[in-house]
Amino acid sequence: MLHLKNLIREIPDWPKPGILFYDITTLMKDGTGFSEVIHGLTSAVRAEEVDVVIGIEARGFFFAPTVAHSLGKGFVPVRKPKKLPAAVEAVEYALEYGTDKLEIHQDAIQPGQRVLIVDDVLATGGTAAAVASLVEQLGGTVAALSFVIELDFLDGRRKLGGRPIHSLLHY
Ligand code: AMP
């Protein structure tokens with residue numbers, strides 16, 4: 001898996017000074033690299049008895065539907081506000097400055113379903129923790145959370161409590 005790091009482009013000071021941005025588009029355009037990532041994300045959760053896979057807008061959408069397809073399960077989008085057309089459940093969460101909001105269709109998760117949450121990067125954990133609470137607000141259970149990249153020094157895991165976390169690459 002470590003050779004996958006060579007396919008990820010690192011962009012200093014983007015989108016703002018002090019942030020080292022991990023650009024996974026360079027990994028995704030490599031056929032072998034992309035296939036290894038999907039295989040890695042999928043095999044890590046085979047034992048978790050997942051019923052449905054959530055992707056977080058926007059970069060979670062790059063991976064979650066393919067992981068869902070590999071597991072033979074359905075895909076559910078969690079989106080930025082005012083994108084989903086039917087009745088939604090919403091969660092607001094804190095950013096470095098201000099707040100952000102994410103939404104899911106109210107009927108997207110059935111009570112008792114075991115949900116896998118997929119995103120590209122686990123940084124501070126605020127986004128993933130918000131999505132985990134959305135799932136639980138709808139009566140679902142978070143079976144696991146999967147990330148291509150985890151930024152260990154930000155300790156995002158702490159915000160996710162004891163929920164199972166599978167990250168392919170650690171920085
Ligand atoms: P957080 O809520 O802090 O865990 O941030 C997670 C979200 O921000 C993910 O959806 C990532 O797409 C994005 N993100 C945060 N930090 C980075 C980074 N250094 N490189 C790429 N994406 C990042």
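Helices here are DSSP runs of H or I with at least four residues, and strands are E runs of at least two, numbered from the N terminus. With that in hand, colour this predicted model by secondary structure and trace the chain: you'll read β-β-α-α-β-α-β-β-β-β-α-β-β, which comes to four helices and nine strands.

Next, zoom out and select all C-alpha atoms. Along the principal axes they fill a box of roughly 40 × 40 × 30 Å. The radius of gyration is 15 Å, which agrees with the value near 16 Å for a compact globule of 171 residues. Of those residues, 44% count as buried. Turn on contacts, keeping pairs at least 6 apart in sequence, and 57% of them join residues at least 24 apart.

Now show the surface. The accessible area is about 8500 Å², with 53% of it belonging to carbon and sulfur atoms. Pick out the charges too: the mean positions of the 17 positive and 21 negative ones sit 2 Å apart.

Time for helix 4, so select residues 126–137. Put a distance between its end C-alpha atoms and you get 16 Å, in agreement with the 16 Å expected for twelve residues at 1.5 Å a residue.

Which residues of helix 4 are buried? Show Gly126, Ala128, Ala129, Ala130, Val131, Ala132, Leu134 and Val135 as sticks. Then bring up what covers them, including strand 3 (52–56), strand 4 (74–78) and strand 5 (88–94). Strand 6 (99–105), strand 7 (114–122) and strand 8 (141–150) are also among the cover.

Last stop: step just past helix 4 to Gly139, which takes a positive phi of about 90°.

Conventions:
Residues numbered from 1 in each chain as written. Predicted model: local features only at pLDDT ≥ 70, side-chain atom pairs only at ≥ 80, totals over all residues. Heavy atoms only, no water. Expected span 1.5 Å × (residues − 1). Buried < 20%, exposed > 50% of the residue type's maximum accessible area, 1.4 Å probe, protein only. Contact = heavy atoms within 4.5 Å. Rg over C-alpha atoms; globule rule 2.2 N^0.38 Å. Areas by Shrake-Rupley, 256 points an atom, 1.4 Å probe, with all protein chains shown as cover. Lys, Arg positive; Asp, Glu negative; His and termini not counted. Charge placed at Lys NZ, Arg CZ, Asp CG, Glu CD.
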